[in-house]
Number of protein chains: 2
Amino acid sequence: MPATLKNDRLLRALLQQPVDRTPVWIMRQAGRYLPEYRATRARAGSFMTLCTTPELACEVTLQPLQRFDMDAAILFSDILTIPDAMGLGLSVVEQQGPVFERTVRSVEDLASLGVPDPEDELGYVMDAVRLIRRELDGRVPLIGFSGSPWTLATYMVEGGSSKNHSMVKAMLYDNPALMHSLLALLADAVISYLNAQIHAGAQAVMIFDTWGGVLTGPAYEAFSLAYLHRIVEGLNREHDGRRVPVTLFTKGGGHWAGKVAATGCDAIGLDWTVEIGDVRGQTGDKVALQGNMDPAVLYAAPEVIEQEVTRILASYGEGSGHVFNLGHGIHPQIDPDHVAVMVDAVHTQSARYHATVNE
Amino acid sequence: MPATLKNDRLLRALLQQPVDRTPVWIMRQAGRYLPEYRATRARAGSFMTLCTTPELACEVTLQPLQRFDMDAAILFSDILTIPDAMGLGLSVVEQQGPVFERTVRSVEDLASLGVPDPEDELGYVMDAVRLIRRELDGRVPLIGFSGSPWTLATYMVEGGSSKNHSMVKAMLYDNPALMHSLLALLADAVISYLNAQIHAGAQAVMIFDTWGGVLTGPAYEAFSLAYLHRIVEGLNREHDGRRVPVTLFTKGGGHWAGKVAATGCDAIGLDWTVEIGDVRGQTGDKVALQGNMDPAVLYAAPEVIEQEVTRILASYGEGSGHVFNLGHGIHPQIDPDHVAVMVDAVHTQSARYHATVNE
């Protein structure tokens, strides 16, 4: 019997239900900007050991909650666990990013891949979810996540990070059938993976489409959004008697928010290049919105951070449906005290936008 | 007395005057994808020697015109000539990009900088413009260009390329007064530089705001667009009895096109992440539009390239005001024969959109 959720602001805001304060968490909140994370990371030896050892993943997941008044925990993991579990051999190289031993560039490469068993090859993730839920003891909800099919495909085809995504785009344009086969397999794998996270205890899920924004509009719809849509439809969105909200985040895709909302997701993540109030004007009450402070604002003085929080809260405006976040992951050089300023400013300043709840 | 311009499609389209075909050129058309460029580059020894030697800059500027039916030549140069002329010591390192010996991060750093004399420190650029005009002999117009103040500032503060632009954004948020002083100086330098290029013979000018798209909307307006506006107002837009069109290109800024059009520029460059027809719907007949094929399409087979040309021409639709281009510079790995396919497809297919002229 799971513990009662003491702070459910996040889940309520994602479902546009009334809240007393705008909830806040930050992408990569368990990360290198925290000295305690760097200590655990050093103890683990490698980034992948940190990801694949449930006790360590749990430890770093909980670290930001000890420092800040965050309204959610997010599973500590990597977006590339699925291709790793498919046997591509992931390593994460300091200063360089992810590197795969094997790439996927042909029908033959693809033929050797299957949907990983989430309780076998990806069992370490489910163990981490169960352990984190136990340790959280109902303080805040736990967010599970996955990379999007298109974003996973970019790394699988390129073999790692890429500046221009030339190889994966060449495949998209020159061999769309092969690309669709790869994306369909990945969509199946993401559905299986996220449903297992939900079954293990993830109370909300988010899909990171980090590279959807490098596509043209028609290519985004055909090669990224179509598979996000398929995933939204394939997820078990009720668990333990509670709705499990789904958030889709395409970096650089804020101008496509109307189309993303049509997938039936509960919320859309936004980066800082769009005005959250403008997007709300377009999507209406179809979805909640998450974001969207420029992570670089956290380099600035506390009063500048507070002003930017003011601006973004005002841009969203009255009522529920806003989850405050950065527009991308926090940078490793940020002073943790500046994060505290942001989190507290969101809670303090947002009360007035939920006045009817607070009366 | 300059030669009569035999092909003025580009200038006419930029001013939304009737044309028989949609004009086409490509960003970095004189570049590493051409074997003849690589040969000249090897002969020069360094990239900066190529830029600073008018005969060599002229040679590579003309190379793409010998291969393709381009409707314009663009000055071969670098966007960072201004900070180099200010004394920051630019070198362009293979596989790494531009690196400055000195950075600008304080009032003291800024105090030592002044507006370069375009006929002295930047005289090599004006010599190249004059030489290219002579060698072009009126075949097609010559486009001059500059980096935008914000984009130049990013390199001057960071000391080179940057993934997150953390230092320049920290300055923007924490010391906006210093940032505005730097940008005001750069706007003066760009005005002086582009007016000198126009005087030397550039028949159109383009400003590359490569990094405006990494800003929030309000920061873009205050720290990039405001200075683009100042530059547009400061340019001599008539020369030799002909209008000199000004094109502004903010990569990742297509959703701000309405605001960019309000600067009074003649044309807006677009990357491939927006639909050119949608942008035309927003900007109406205020400006011409340039773009916007994904450079990665050129990896694909000829029929795919032709289809994408079809799609983009149809998206823009009937009438003048479209200059076909890529949405960013051509990649070095592209097969030059694929460029010929694109250029010819634009000319062949676009006739129907200019039917009233062709009747």
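# A walk through a two-chain model

Let us begin inside chain B, where strand β4 (residues 142-147) and strand β5 (residues 204-209) run parallel and are joined by 5 bridges. Helices and strands here are DSSP runs numbered from the N terminus, with H or I over at least four residues for a helix and E over at least two for a strand. Two strands count as paired if DSSP finds at least two bridges between them. This is a predicted model, in which local features need pLDDT of at least 70, side-chain atom pairs count only at pLDDT 80 or more, and totals for chains, interfaces and linings use all residues. Residues are numbered from 1 along each chain as its sequence is written, while chains are lettered from A and ligands numbered from 1 in the order in which they are written.

Along the pairing of β4(B) with β5(B), B:Ser146 stands opposite B:Ile207. Strand β5(B) also has a parallel neighbour in strand β8 (residues 246-250) of chain B, again through 5 bridges. There, B:Phe208 faces B:Phe249 of β8(B). Is β5(B) enclosed by the rest of the structure, or open to the outside? It is largely enclosed, because 6 of its 6 residues are buried. Buried means that 20 or more other C-beta atoms, placed from the backbone, lie within 10 Å of the residue's own; exposed means 12 or fewer, and partly exposed is in between. Both faces of β5(B) are covered, with B:Ala204, B:Met206 and B:Phe208 on one side and B:Val205, B:Ile207 and B:Asp209 on the other.

Now look at chain A for the wider sheet. Its 7 strands form an open sheet with parallel pairing, in the order β1-β4-β5-β8-β9-β10-β11. The edges are β1 (73-74) and β11 (322-326) of chain A, each pairing on one side only. Within this sheet, β5 (residues 204-209) and β8 (residues 246-250) of chain A pair in the parallel sense over 5 bridges, and A:Met206 has A:Thr247 in β8(A) as its bridge partner.

Back in chain B, helix α8 (residues 149-158) is mostly covered, with 10 of its 10 residues buried. Among them are B:Trp150, B:Leu152, B:Tyr155 and B:Glu158. Just after α8(B), B:Gly159 takes a positive phi of about 90°.

Next comes the nonpolar core, a set of buried Ala, Val, Leu, Ile, Met, Phe, Trp, Tyr and Cys residues joined through C-beta atoms within 7 Å. The largest has 247 residues, and A:Ile143 and B:Ile143 touch the most other members. Leaving out residues up to four places away in sequence, B:Ile143 touches partners including B:Ala72, B:Leu75, B:Ala204 and B:Met206.

Finally, how do the two chains meet? Residues are in contact if their C-beta atoms, placed from the backbone, lie within 7 Å, and 25 residues of chain B are in contact with 25 residues of chain A. Helix α9 (residues 166-174) of chain B gives the most to its side of this meeting, with 5 residues. The copies meet through the same surface, because 100% of the interface residues of chain B are also interface residues in chain A.

Chain B superposes on chain A by a rotation of 180° with 0.0 Å of shift along its axis (RMSD 0.0 Å). That is the relation of a two-fold axis. The fit is by least squares on the C-alpha atoms of residues with pLDDT of at least 70 in both copies. Of the residues of chain B, B:His255 comes closest to the rotation axis, with its C-alpha at 3.6 Å.

Note on methods:
Two residues are in contact if their C-beta atoms, placed from the backbone, lie within 7 Å.
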